[in-house]
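Here's a quick briefing to read alongside the model. Have the chains open in your viewer as you go.

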Amino acid sequence: MTVARKSGLLHLSVLVALIGLFFMLPPYHSGNLARIMVLAIYAMGFNILFGYTGLLSLGHAMFFAAGMYGFGLAINLGGFPLLPAFLIGMLSAAGLAAITGFLALRTTGVAFMIVTLMFAQTAYLVILYFGAYTRGDEGFVIQTAKRSVMGIDLTTDSARYATALILFGLCFVALARLVQSPFGRTLVAIRENEERARMLGYDTGAHKLKAMILSGLISGVAGAAYAMLFGYVGATFATVQYSIFPLLWVLLGGAGTTIGPLLGVFFMFYLIDFSSSLTTAYMLIAGIVLVVLTMFAPQGLMGEMRKRVFTWLP
Amino acid sequence: MLATLEGAVIASVLVLTAMGLSIVFGVMRVVNVAHGEFYMLGAVLAWYVSSVLGVNAVVGFVAALVLAPLLVGLIAAAADRLILKHLKYDPDRTIVATIGLLYIIQQTTLMTFGPDARPVAPPFNQRLALPWFEWGENGLEMFWPWGLSITSYKLFVIAAAAVVLLSLWVLITRTKLGLIMRATQQDSETALAFGIPVGRVYSVVFGLGAGLAALGAVLVVPIQQAHYLMGADPLLLSFIVVIIGGLGSLPGTVVAALLIGMSDGIISVFFSPTLAKIIATFLVAMVLVWRPQGLFGRAVT
Amino acid sequence: MNILETHNLTKTYGGVHANSDIDFALPQGKITALIGPNGAGKSTFVGMLSGRIPATNGQVVFDGRDISALPAHQRIQLGIAYTFQITSIFPRLTVLENVAIAARRRFASNPVQLKTRIATALGKVGLLERAEEIAGDQSYGHQRLLEIAMGLVQDPRVFILDEPTQGLAEAEISAFITLIKSLAGETTILLIEHNMNVVMGAADWITVLDQGRILASGTPEDISANTAVQAAYLGKTDA
């Protein structure tokens, strides 16, 4: 079996398993899984930049929030129908990523991390400042009546799960193909040795900017999807914490792997779900996981698997 | 005028905290994201020490002033030994690890001391009125307007910060430890070859950096209450200071802290605090974009 | 006919002249060697040719076109390939993927052609049977050969090699001489080299750089007979 066939089969079986799980799981867990899939889209968006291009942004919450607020404000204040509002959410995130990328990509390494962190902090404060529209920390709810498309009510368990799965599946397959494409392989080349890639005639600056925009766009899809499926928009999603989460998920699942983000979100979600029943300080678990991962398994779950079992993994 | 004095108090605390971050970055090339949590830990421990010792505000405060930074420094040094050393001080991985450390410290504090804000009584707190000068009919006149006043404790904070800064300067330029630190900063491999225990120097520096943050926090708790989430603002402000001052440049850090501390006081009088923060954060990001070496730093070739 | 020329090319680092007013010409289809003692400014010079190092002053003309203002990647897109003095590969990827990255920029649209080109390039340097191995695990000599393959596969018009034989075994060196001689004609080669056996065995034309200036240019026979060159270079390093 060729590498392409094998990886195609692997991705297909992940999607089939997700379909199957809906019929097997009780509503509580299928609701969780819908949330996990949406957050996994966010993690995949982050992974394009961090895992494949080697750029560590500490400000991705601004793209998630841009998608979320773009969508939420377009519906609640702009009175747009669902699908155009979703598009507005996506475009807001991509536009913000383009501007951020244009500025932040002038820096590298630690400076890039801090610049993205600061841009995201600025975005968060802007949300608070325009509290009259955004309702600040408290956030706002998108009414159930507005959350339907072509007569399908997206608030029912099955419609929510199906929508999350479709969006996740689209991004999942698209990104799996992308990272195998010449563009994706060039991003990996930039991650591995940017100067060499440049001296092979690749415009590394343009590639990094494209990766940033794509990464922001996918994060925005996740933000808009979250608002659409769970009906809540709030400034919490723009805090530093939500910039750290995707890093945590991707590190846990395996940076630069297609399945890692889903796996990372899945494990982290249930770890926190489990630990928050024990203590209110559930973020302690997140902290310990981060430290332990950087010390002992910098490749993450799928990364270690790739090293030992599936060397062909995309 | 009042805004300037209030600004000087903010600047004094900030200069200590930022100096801690700057020393750690300068010597170890480590960006310590958990720095704000060491600050918070200093504040919470100050409350704990002074409330355990109880009765006398002065005794409690002095004990806190000595014990809290010491404890925080030890915790930080232990974290360096246990975690950062094993990451070989790789810049990217240490950032991720200190983010983890941030949550560990913050949440452990929450579990141990609870979510309430804790006040610490200042050791002394007289109100002092301040004179105001104005051109009147008889030339320069002096007023004692109502409301223009500062407490003696706030003046003490400014003085204390100045003393600590001076001692730090003496420590770095005049002592053997300072010489060793500077040698390690220049070139850690050569320093190692000359028999300097670089590993131990790093632990001391990391502890010292955290201790400075804690010291700043102890000074601030009589003005602001101690709370497990209080570390975020000092972290952000310290970053701003260190970036504007030039990464790792100590004189730059002092100048920038004064600048930011004073302007923070001034800006927030005229604008809403949120807008002031938006402007400050955005400007700092832009400084990093166009001048990564900081406003006062020299270009690295 | 010169495919590449420089006029008054100059680089100063904080007042120190690394290269001063270099007028250089690279004859098309030939193998030209650039030699000179350590610190003569050879790497600075080729860095300015490829665009890695911005020139302080002067022009670079490629195929009749002034490319002085072009960034490095655009110069390479015009057909200038460059190998680094210090081996620079993608260490965590396979040997095959390393060459594939180099080849894809031009030949991605035709997968069949891409595949044969990669195989040919790997075959020429003798790394075909190691294609699936991780590049970083290869010996130093094999990594150098890999880097040459990454240049070859781009099918460049000008191929700049910065000390390609450094660290190669004797047998590998003679294979390398045969290889670049087979390329000459279609490809113009600029070779920076310390090993005089390689220079004398392969080069059609030699330019000697000393203290940031061109000391002499000529055929290998001219250069070995040149007393100034002997004084500045041959006498010192090959003693």
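One definition before the tour: a residue is called buried here if 20 or more other C-beta atoms lie within 10 Å of its own, with C-beta atoms placed from the backbone. By that yardstick, α9(B) has B:P234, B:L235, B:L237, B:S238, B:F239, B:I240, B:V241, B:V242, B:I243, B:I244 and B:G245 as its buried residues. Keep in mind that this is a predicted model.

**Chain B and its helix α9**

- Chain B comes with 11 helices and 4 strands.
- Of its 301 residues, 46% are buried.
- If you take the contacts in chain B with a separation of 6 or more, 75% of them are between residues 24 or more positions apart.
- Helix α9 of chain B covers residues 232-245, which makes 14 residues.
- From first C-alpha to last, α9(B) reaches 20 Å, close to the 20 Å expected at 1.5 Å a residue.
- How many residues of α9(B) are buried? The count is 11 of 14, so the helix is mostly covered, given the 20-neighbour cut-off.
- Right after α9(B) comes B:G246, which has a positive phi of about 100 degrees.

**Where chain B meets chain A**

- On this contact, 34 residues of chain B touch 34 residues of chain A.
- Which elements of chain B give two or more residues to that side? They are α4 (91-113), α9 and α11 (273-290).
- The largest share belongs to α4(B), with 16 residues.
- Sorted by class, the side of chain B that touches chain A has 25 nonpolar, 6 polar and 3 charged residues.

**Chain C overall**

- Chain C is built with 9 helices and 10 strands.
- Its C-alpha atoms fit in a box of roughly 50 × 40 × 35 Å along the principal axes.
- Why call the dimensions of chain C those of a compact globule? Because a compact globule of 239 residues would have a radius of gyration near 18 Å, and chain C has 18 Å, which agrees.
- In chain C, 44% of the 239 residues count as buried.
- For contacts in chain C between residues at least 6 apart in sequence, 65% link residues at least 24 apart.

**A hairpin in chain C**

- Strands β9 (residues 205-210) and β10 (residues 213-218) of chain C run antiparallel and are joined by 5 bridges.
- One pairing to look up is C:I206, whose bridge partner in β10(C) is C:G218.
- Together β9(C) and β10(C) make a hairpin with 2 residues between them.
- In that turn, C:Q211 has a positive phi of about 50 degrees.

**Where chain C meets chain A**

- Here 18 residues of chain C are in contact with 14 residues of chain A.
- Both α2 (72-77) and α3 (95-107) of chain C supply at least two residues to the side that touches chain A.
- That side of chain C splits into 10 nonpolar, 4 polar and 4 charged residues.

**The nonpolar core**

- The largest nonpolar core has 274 residues.
- Which of its residues touch the most other members? They are A:I41, B:A43, B:A46 and C:A149.
- Zooming in on A:I41, and setting aside its neighbours within four places in sequence, you'll find contacts with A:L167, A:F168, A:C171, A:I218, A:V221, A:A222 and A:A225.

Note on methods. Residues are numbered from 1 along each chain as its sequence is written. Chains are lettered from A and ligands numbered from 1 in the order in which they are written. This is a predicted model: local features need pLDDT of at least 70, side-chain atom pairs count only at pLDDT 80 or more; totals for chains, interfaces and linings use all residues. The radius of gyration is taken over C-alpha atoms; the globule rule is 2.2 Å times the number of residues to the power 0.38. A residue is buried if 20 or more other C-beta atoms lie within 10 Å of its own, exposed if 12 or fewer, and partly exposed in between; C-beta atoms are placed from the backbone. Two residues are in contact if their C-beta atoms, placed from the backbone, lie within 7 Å. The expected span of a helix is 1.5 Å times one less than its number of residues. Ala, Val, Leu, Ile, Met, Phe, Trp, Tyr, Cys and Pro count as nonpolar, Asp, Glu, Lys and Arg as charged, and the others, Gly among them, as polar. Two strands pair if DSSP finds at least two bridges between them. A nonpolar core is a set of buried Ala, Val, Leu, Ile, Met, Phe, Trp, Tyr and Cys residues joined through C-beta atoms within 7 Å.
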